[in-house]
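Please explain how the interior of this protein is put together, beginning with its core and then turning to its cysteines and its enclosed spaces.

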Amino acid sequence: MATRADGTIPSSSGLHVRQRLRHVLSWLEGLPATALLILIYIWLCAYIYADVISAIAPLRQIGFQAYPALPFSRPLAAIYALLPLLWLRRRFRQPSDLMVLQLYLYVYVPTTIYLTMTTPMNIGDQLGFQTLMLGALATLELRRGLPPITIERFPITPAIFAFGLGAASLLALSILIIGGELTFDMLDLAGVYERRSELIAGQGGSLLLFLANWSSLALAPVCLIYGILSRRWWLVPIGLALATAAFAATSFRSHLFTPVFATMIGLALRQGGARHFALTLILVALALCVFPLVIDWLTGGLTSWIIHFRFIGNNGFLSAQYFTFFSDMPKGLYQDSIGRFFINPRYHLPIAEIVGSSFSIAGNHANGNLWADGFGNLGLPGVMIASLSALLLCWALDSLGRVVHPLPVVVMSIPLAFAISNTSVHSAMTSNGGVLLLLLLYLMPEISARPREN
């Protein structure tokens with residue numbers, strides 16, 4: 001009889017449940033079942049925006065409205081959303097498989113659907129942009145032919161790594177609490193926009209903001225995930241406290257949600273072997289679509305706006321806005337990043353504020369995802385540059401997965417995917433802390449208590 005990693009023998013009932021789970025997952029990995037799941041996911045995304053969010057008068061009045069669908073536009077969008085299933089792996093073989101799946105679920109699918117709902121765009125333009133996104137996503141499959149980087153494991157003991165991680169996280173936590181003058185009323189999820197505008201106006205480029213970004217993307221998730229996988233439980237409350245402080249300091253809900261969500265999905269994937277497309281899709285749909293809807297139905301609240309739109313719908317919505325705005329306007333030429341060293345800015349305001357103010361209230365900042373940002377800065381070449389940048393990130397993750405235990409690398413692709421679903425790849429790696437995350441993964445020692453693989 002098979003034994004667990006800790007040497008114990010699973011019960012017969014436990015084996016029966018695992019066998020049934022394997023049978024169900026094997027069935028769901030088939031193309032027809034996966035396509036059906038994606039269609040349900042598409043319907044949830046469209047329903048939440050068209051029938052829930054745009055039905056709220058204050059949100060509709062500030063630009064979040066649903067336009068009537070053009071003939072055949074939604075069926076064609078659904079076809080575009082399903083096309084990548086012809087090549088996407090439905091059983092993960094390398095860490096970047098989960099990264100690509102997340103970009104498909106968080107950016108590609110919402111964009112194809114939101115192009116039909118949120119802008120008065122003709123069907124020719126819709127199909128043009130959908131084809132552009134299809135090519136951008138397909139470019140990521142070049143990662144399969146890249147040879148991994150040869151990396152030697154860094155000689156560090158688990159105790160030293162855990163101590164250094166905990167000390168760095170406590171230092172970051174102290175700086176955020178003291179430097180940000182944090183109070184409990186800053187934890188209010190509903191009052192984030194007023195605090196965020198004050199942050200952008202007063203200290204948008206401050207070191208405190210960068211520290212909060214680095215803490216949310218790197219330090220807090222690694223504390224949570226490494227603490228659980230290595231059974232160093234004292235790291236878990238440090239990670240939770242750091243994520244909470246990062247949210248309070250910036251009012252970015254993603255700073256609180258992303259580390260916790262990554263940990264929850266990681267633990268579920270650990271039980272499922274960390275390699276199932278269908279399981280990941282179901283977990284994402286439940287956590288980011290079904291759960292917010294249920295809470296809204298029970299309480300009459302705005303959980304769909306706070307959770308679903310922030311982490312999924314917003315990515316598709318802003319892609320549509322960026323494509324619409326920059327289809328006939330001068331491109332930004334990276335004026336807010338590296339371009340400012342070489343050219344005079346074309347716009348007197350940041351690109352995110354220009355786009356945000358074009359469809360909503362003045363001063364609204366709308367950060368685009370990797371592909372929307374690329375199009376806004378350079379057009380079609382910018383989209384391809386964004387895909388190639390993401391390709392390099394996938395290459396780094398796959399190379400790290402050959403040196404350290406692949407499970408934490410796979411799980412840590414979740415906050416990275418969220419980051420590049422909301423900003424450019426180079427911004428995610430620098431100002432948001434992606435480079436620090438890769439460094440921590442490289443330094444991470446072998447996890448002795450390995451999960452049992454199915």
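The paragraphs below go through the nonpolar core, the cysteines and the cavities in turn.

This is a predicted model, and a natural place to begin is its largest nonpolar core, which has 142 residues. Within that core, the residues that touch the most other members are Tyr41, Tyr104, Tyr106, Leu288 and Trp371. Leu288 can serve as an example: once its neighbours within four places in sequence are left aside, Leu288 is in contact with Tyr106, Phe257, Phe261, Ile307, His308, Phe311, Ile312 and Phe418.

Cys289 is buried, with a relative accessible area of 0%, and Cys223 is likewise buried at 0%. The structure holds zero disulfides. In the case of Cys289, the closest cysteine sulfur belongs to Cys45 and lies 4.6 Å away, which is too far for a bond, because a disulfide calls for sulfur atoms within 2.5 Å.

Where is space left inside? There are two cavities of 30 Å³ or more, and the largest cavity holds about 60 Å³. Its lining draws at least two residues from each of helix H9 (207-229), helix H11 (253-271) and helix H17 (406-420), with H11 giving the largest share, four residues. Among the lining residues of this largest cavity are Ile225, Ala262, Gly266 and Leu407, and by class the lining has seven nonpolar, two polar and no charged residues.

The second largest cavity, with a volume of about 40 Å³, is lined by Leu88, Arg89, Phe92, Asp97, Val100, Leu101, Arg143 and Phe277. Helix H5 (residues 95-114) gives the most to this lining, with three residues, and by class the lining of the second largest cavity has five nonpolar, no polar and three charged residues.

How values were computed:
Residues are numbered from 1 along each chain as its sequence is written. This is a predicted model: local features need pLDDT of at least 70, side-chain atom pairs count only at pLDDT 80 or more; totals for chains, interfaces and linings use all residues. Side-chain values use heavy atoms; hydrogens and water are left out. A nonpolar core is a set of buried Ala, Val, Leu, Ile, Met, Phe, Trp, Tyr and Cys residues joined through side-chain atoms within 4.5 Å. Buried means under 20% relative accessible area, exposed over 50%, partly exposed in between (1.4 Å probe, protein chains only). Contact means heavy atoms within 4.5 Å. On a 1 Å grid over the protein atoms alone, a cavity is a set of points where a 1.4 Å probe fits but cannot get out, and a pocket is an open set with protein on both sides within 12 Å along at least five of seven lines; lining residues have an atom within 4 Å of a point. Grid points are joined across faces, edges and corners, and a volume is the space filled by probe spheres set on the points. Ala, Val, Leu, Ile, Met, Phe, Trp, Tyr, Cys and Pro count as nonpolar, Asp, Glu, Lys and Arg as charged, and the others, Gly among them, as polar.
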